[in-house]
Amino acid sequence: MTIKLIAIGKTDSKALLQLIAEYESRLKHYIKFELEVIPDIKNTKNLSETQQKDKEGELILKNLNNTDVLVLLDENGKQFSSIDFSAYLQKKMNAGLKQLVFVIGGPYGFSQDVYNKAQGKISLSKMTFSHQMVRLFVVEQVYRAFTILRNEPYHHR
């Protein structure tokens, strides 16, 4: 299985980029992982929130294959402990999925078309984080999940 993370907009922080790269590198020992960054929409000042979400949604959907399982990182999604998230990933792998795709939306969330295509929603917290921080949190939690599944000492119970 491949795990793909799609995110809208680039990350400017070199420190965050280094940390994300560190966890991406660690993940290679467990699973194929891809981070796809969709560039920010240009001229958003002239767009309504809905128009911006629709444009971002089109770009997100273009990056999916028909067989992908799409899971949105959404404030109204299901919350997991790290152990429960590792079990969730194990179930997805056992189901024989080719690609599991997590998506971090733009500043206003997702278009209705993206919600309609999604097969799940996950919330990292009731708190709000910057989209750039969320990338790090997702990559780290995926890494943590695999260390839990392998009974490695990274996660302390």
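**Reading charges, fold and aromatic pairs in a predicted model**

Me: How many positive and negative side chains does the protein have, and how far apart do the centres of the two sets lie?

Reply: The protein carries 22 positive and 17 negative side chains, and 3 Å separates the centres of the two sets. Please keep in mind that this is a predicted model.

Me: Which order do the helices and strands follow from the N terminus on?

Reply: The elements run β-α-β-α-β-α-β-α-β-α. In total there are five helices and five strands. The radius of gyration is 15 Å, close to the 15 Å that the globule rule gives for 157 residues, so the protein is as compact as a globular protein of that length. Taken along the principal axes, the C-alpha atoms fill a box of roughly 50 × 35 × 25 Å.

Me: What share of the residues is buried, and what part of the exposed area do carbon and sulfur atoms supply?

Reply: Of the 157 residues, 42% are buried. The protein exposes about 9100 Å², and 47% of this area comes from carbon and sulfur atoms. One may also consider the contacts: among those with a separation of 6 or more, 85% are between residues 24 or more positions apart.

Me: What describes a pair of aromatic rings?

Reply: Two quantities are used, namely the distance of the centres and the angle of the planes. In this structure there are ten aromatic pairs. In one of them, the ring centres of Tyr 23 and Tyr 143 are 5.7 Å apart and the planes stand at 55°, so this pair is tilted.

Me: Where in the chain do Tyr 23 and Tyr 143 lie, and are they buried or exposed?

Reply: Tyr 23 belongs to helix H1 (residues 14–27) and Tyr 143 to helix H5 (residues 131–149); the pair links distant parts of the chain, 120 residues apart. Both Tyr 23 and Tyr 143 are buried.

Me: Why is the pair of Tyr 143 and Tyr 154 edge-to-face?

Reply: The planes of these two rings stand at 75°, with the centres 4.8 Å apart, so the pair is edge-to-face; the angle is to be compared with a cut-off of over 60 degrees. Tyr 143 lies in helix H5 and Tyr 154 in the segment after H5, so the pair ties together parts that are eleven residues apart in sequence. Tyr 143 has a relative accessible area of 9% and is buried, whereas Tyr 154, at 24%, is partly exposed.

Me: Which residues form one aromatic cluster?

Reply: The cluster consists of Tyr 23, Tyr 30, Tyr 143, Phe 146 and Tyr 154.

How values were computed. Residues are numbered from 1 along each chain as its sequence is written. This is a predicted model: local features need pLDDT of at least 70, side-chain atom pairs count only at pLDDT 80 or more; totals for chains, interfaces and linings use all residues. Side-chain values use heavy atoms; hydrogens and water are left out. Helices (H or I, at least four residues) and strands (E, at least two) are DSSP runs, numbered from the N terminus. The radius of gyration is taken over C-alpha atoms; the globule rule is 2.2 Å times the number of residues to the power 0.38. Buried means under 20% relative accessible area, exposed over 50%, partly exposed in between (1.4 Å probe, protein chains only). Contact means heavy atoms within 4.5 Å. Accessible areas come from the Shrake-Rupley method with a 1.4 Å probe; for residues, only the protein chains shown count as cover. Lys and Arg count as positive and Asp and Glu as negative; His and the chain ends are not counted. The place of a charge is taken as NZ of Lys, CZ of Arg, CG of Asp or CD of Glu. Rings of Phe, Tyr and Trp (its six-membered ring) pair if their centres lie within 6.5 Å; planes under 30 degrees apart count as stacked, over 60 as edge-to-face and the rest as tilted.
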